[in-house]
Amino acid sequence: SKREIKMRKLDSTKVRPLKSEQLLHIEDHDFALRPGFGGSPIPVGIDVQVESIDSISEVDMDFTMTLYLRHYWKDERLSFRSNKNKSMTFDGRLIKKIWVPDVFFVHSKRSFIHDTTVENIMLRVYPDGNVLFSLRITVSAMCFMDFSRFPLDTQNCSLELESYAYNEDDLMLYWKHGNKSLSTDEHISLSQFFIEEFSASSGLAFYSSTGWYNRLFINFALRRHIFFFVLQSYFPAMLMVMLSWVSFWIDRRAVPARVSLGITTVLTMSTIMTGVSASMPQVSYIKAVDVYLWISFLFVFLSVIEYAAVNYLTTIEERKQLKKRGKASGMYSMDAVQAMAFDGCFHDTDVDMDLTPFPDPCEENESRTSQTNISNADTPRLRRKRSLKGNVGRIILQNNHVIDTYSRIIFPSVYIVFNFFYWGLYM
C-alpha cells in the first residue's frame, strides 16, 4: 500500500547500497567466509617494497621498518561485467565489507597503518575477481642479536609474515614473484649500519593447538660502522694507555706527579667503560669491546703498580744506605722521614749521603761466621742457589730505576702485540 511505501522511505535505519557495492554484489554474499570455503586452500601472493628502516635499537633488540605490503588473491564473488576489462579502485571504506587475508607480523612489538591524510589503504578489483590489497605500514619487530663481536659485528634480522586464523588447510601464503617479490628503496641508509643484503624466504610454523601455518620471511643483514666506535671508545682507550706510559719517563722520586697521572688514567678508563656499558643491553656474555677495554684498563692499572714497586724498592735502598752510614738514629729519623712525610719524596740534599757502601767490621765478622756455618751445613748446590738469590735481590734493590727502563720497552711492545691479535681476530 501507499502507506507502507511511505514508511519505508521514512525508515532511516536502512541504507541503500552504494553503486559500487551493487556492482560487486556485496549484499548477495557472505564475506565472513573465505573464498572457496570448504575446498582447497586459497593462494594469497605477497610482495613487499621496503620504504625505509627507521631505527635499530641494541638496547631493546628491535628494529623499525616502513613498508608497502601488497596482497594478491582471487575472489570470484567480487567479479563484475566490464566490456573494457578495466579494474575498479577503492579506499579503505570497502575493506570492512569484504574478505581480506588476516596477515600479521610475528614477533612484532608495535605496528600501525599510516592515516595521513586518510588511511593509506588501496583495494583494486578486476573483472575476473582478482584483488590487489595494498597497505602502508610501520612495524617494530624483535631482532635476536648476538653482541659477542660488538662493535665488529654483523646482525641478521628478519620480519616474519603469517596468517593469524587460517592454517595451511585454508590459506597458502607465498611470495608473488619469488625472490623479486622484495624490493627496496635505493636511498635506504642507516647511521650505524651498512645494509649488506635483502632476501625473501618462506617456511612453515607449527602451533600445537592449531596446526601448521605458512610463514614468509624478509631477511636483511646489517654490518656495523666501526668508525664511530673507534672515535668514541677505542681511540680514547689507546690514548689513556699511552698516557699512562708517560710516568716511566718521570723521575721516580716525583711521587705526586706519577701518582696523580696514574689515578687520572685509571678513572678516565673507568668512565669510558661505563659509557659503553650504558648504551648496551645487559647481556650475560663478554663482548669484543669489553675485551679491549678491560685489557686496556689492565695496562693502565699495571703502570700504577709498576711505580708502586719502584717507589717501595727506592725507599728500601735509601734506608739501607743510611743505615750503613750510621745515620739512621739521628738525621734519618728527623730530616729524611719528615721530608718524605711532607711531599712523598726522599731528598738527597737533606742528607749528605754517599751511595758507595762502607764495610762495617762487626757486619763483616757476622757475615764470615754465617758463611762458615753455611759451608759446613749446606751442600755446594744450596750455596750457589742462595748466593744467586741474594745477588738478584741486591741488584734489584740497588738498580730499581732499571724497572722503569724495562717498562718503557715491555709495556708498548706487549700492547702492540695485543692490538695486532685483537684486530686480526675480530675483523
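Student: In which loop is the place of M61?

Tutor: Strands and helices are here DSSP runs numbered from the N terminus, a strand (E) having at least two residues and a helix (H or I) at least four. In this predicted model, local features need pLDDT of at least 70 and side-chain atom pairs count only at pLDDT 80 or more, while totals for chains, interfaces and linings use all residues. Residues are numbered from 1 along each chain as its sequence is written, and side-chain values use heavy atoms, with hydrogens and water left out. On that footing, M61 has its place in the loop between β1 (42-57) and β2.

Student: What is the phi of M61, and is the residue buried, partly exposed or exposed?

Tutor: M61 is a residue other than glycine, yet its phi is positive, near 55 degrees. Buried means under 20% relative accessible area and exposed over 50%, with partly exposed in between (1.4 Å probe, protein chains only). Because the relative accessibility of M61 is 24%, the residue counts as partly exposed.

Student: Where is H107 placed, and what is its phi?

Tutor: The place of H107 is in the loop between β4 and β5, and at 36% relative accessibility the residue counts as partly exposed. Although H107 is not a glycine, its phi is positive, with a value near 65 degrees.

Student: How many residues of strand β7 are buried?

Tutor: Two strands pair if DSSP finds at least two bridges between them, and β7 pairs in the antiparallel sense with β2 (residues 62-74) over 13 bridges, Y68 standing opposite R136 in β7. Strand β5 (residues 108-113) runs antiparallel to β7 and is joined to it by five bridges, with T138 of β7 as the bridge partner of F112. Strand β7 (residues 130-142) is mostly covered, and the number of its 13 residues that are buried is 10.

Student: Which residue in the turn of the hairpin formed by β6 and β7 has a positive phi?

Tutor: Strand β6 (residues 121-125) pairs with β7 in the antiparallel sense over five bridges, and the bridge partner of I121 in β7 is L135. Four residues lie between the two strands of this hairpin, and the one in the turn with a positive phi, about 100 degrees, is G129.

Student: Which residue follows F150 through a cis peptide bond?

Tutor: One cis peptide bond joins T116 and T117, with omega about 0 degrees, and T117 is found in the loop between β5 and β6. Another cis bond, with omega near 0 degrees, starts from F150 and leads to a residue in the loop between β7 and β8, namely P151.

Student: What is the strand order of the open sheet of four strands?

Tutor: Within this antiparallel sheet, nine bridges join β8 (residues 154-163) to β12 (residues 211-224), and T154 stands opposite R223 in β12. The open sheet has the order β4-β8-β12-β11. Because β4 (103-106) and β11 (193-207) each have a single partner strand, one side of each is left without a neighbour in the sheet, and the strands at the edges are β4 and β11.

Student: How far apart are the end C-alpha atoms over residues 409-426?

Tutor: An unreviewed UniProt entry places the feature "transmembrane region" at several stretches, including residues 259-279 and 409-426, although such annotations may be inferred rather than shown by experiment. In the model, residues 259-279 are 95% helix and 0% strand, with end C-alpha atoms 31 Å apart. Residues 409-426 are 100% helix and 0% strand, and the distance between their end C-alpha atoms is 26 Å.
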